[in-house]
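User: I'd like to learn how to read a protein model residue by residue. Can you walk me through one?

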Amino acid sequence: MEVFHYDCFAMGTRFNMVLPGLSHSDGDSIAMDVSKILTEEESYLSCFREESEVSVVNTKAHGE
């Protein structure tokens, strides 16, 4: 049985995706979609990125 594995760095940690029974070409397509979603969400939610909405709110919280 084929097993597709994808990992990347996201939200200050390592993201791993393991999909049994999936070909490499199908897995690559899904991994690209997942990577795009993770990047978009991280741009809003990550406290590790200074420009994220969460970081901006946290920075302004004490004064506004």
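Analyst: Here is a walk through the core, the salt bridges, the surface and a few single residues. This is a predicted model, in which local features need pLDDT of at least 70 and side-chain atom pairs count only at pLDDT 80 or more, while totals for chains, interfaces and linings use all residues. Residues are numbered from 1 along each chain as its sequence is written, and side-chain values use heavy atoms, with hydrogens and water left out.

User: Let's start inside. Which residues make up the largest nonpolar core?

Analyst: In general, nonpolar side chains tend to be buried together in soluble globular proteins. A nonpolar core here is a set of buried Ala, Val, Leu, Ile, Met, Phe, Trp, Tyr and Cys residues joined through side-chain atoms within 4.5 Å. Buried means under 20% relative accessible area, exposed means over 50%, and partly exposed is in between (1.4 Å probe, protein chains only). The largest nonpolar core has seven residues in all: Phe4, Tyr6, Cys8, Met17, Leu22, Ala31 and Val34. S1 and H1 are the elements that give two or more residues to this core, and S1 gives the most, with three.

User: How are those elements defined, and where do S1 and H1 run?

Analyst: They are DSSP runs numbered from the N terminus: helices are H or I with at least four residues, strands are E with at least two. Strand S1 covers residues 3–10, and helix H1 covers residues 24–45.

User: Take one core residue, then. What is Phe4 in contact with beyond its sequence neighbours?

Analyst: Contact means heavy atoms within 4.5 Å. Leaving aside neighbours within four places in sequence, Phe4 touches Met17, Val18, Leu19, Leu22, Ser23, His24, Gly27, Asp28 and Ala31.

User: Now charges. How many salt bridges are there?

Analyst: The rule asks for a side-chain nitrogen of Lys or Arg within 4 Å of a carboxyl oxygen of Asp or Glu. By that rule the count is two. In one, Arg14 pairs with Asp7, with the closest N and O atoms 3.2 Å apart. Arg14 is partly exposed at 47% relative accessibility, and Asp7 is partly exposed too, at 35%. In the other, Arg49 pairs with Glu42, and the closest N and O atoms are 3.4 Å apart.

User: Is Glu42 buried or exposed?

Analyst: Glu42 counts as buried because its relative accessibility is 8%. Its partner Arg49 is partly exposed, at 26%. The two side chains also make a polar contact at 3.4 Å; that term means a pair of N or O atoms within 3.5 Å, where within protein one must be able to donate a hydrogen and the other to accept it, and residues adjacent in sequence count only if both atoms are side-chain atoms.

User: What else surrounds Glu42?

Analyst: Glu42 lies in helix H1. Setting aside neighbours within four places in sequence, Glu42 is in contact with Ala10, Met11, Gly12, Arg49 and Ser52. Ser52 sits in the loop between H1 and helix H2 (53–60), and Ser52 counts as buried because its relative accessibility is 0%. Gly12 belongs to the loop between S1 and strand S2 (13–20) and is partly exposed at 35%. With the same four-place rule, Gly12 is in contact with Glu42 and Phe48.

User: And strand S2? Show me a couple of residues there.

Analyst: Try Phe15 and Pro20. Phe15 is in strand S2 and is partly exposed, with a relative accessible area of 26%. Outside the four-place window, Phe15 is in contact with Tyr6, Asp7, Cys8, Val34 and Leu38. The C-alpha atoms of Phe15 and Leu38 are 9.3 Å apart, although the residues are 23 apart along the chain. Pro20 is also found in strand S2; Pro20 counts as exposed, at 56%, and outside that window is in contact with Met1, Glu2 and Val3.

User: Last one: which residues make the nonpolar surface patch?

Analyst: Patches are made of residues with over 30% relative accessible area and no salt bridge; like charges are joined within 9 Å, and nonpolar side chains (Val, Leu, Ile, Met, Phe, Trp, Tyr) within 5 Å. Areas come from the Shrake-Rupley method with a 1.4 Å probe, and for residues only the protein chains shown count as cover. Met1, Val3 and Val18 make a nonpolar patch of about 370 Å². Of these, Val3 lies in strand S1 and is exposed, at 51%.
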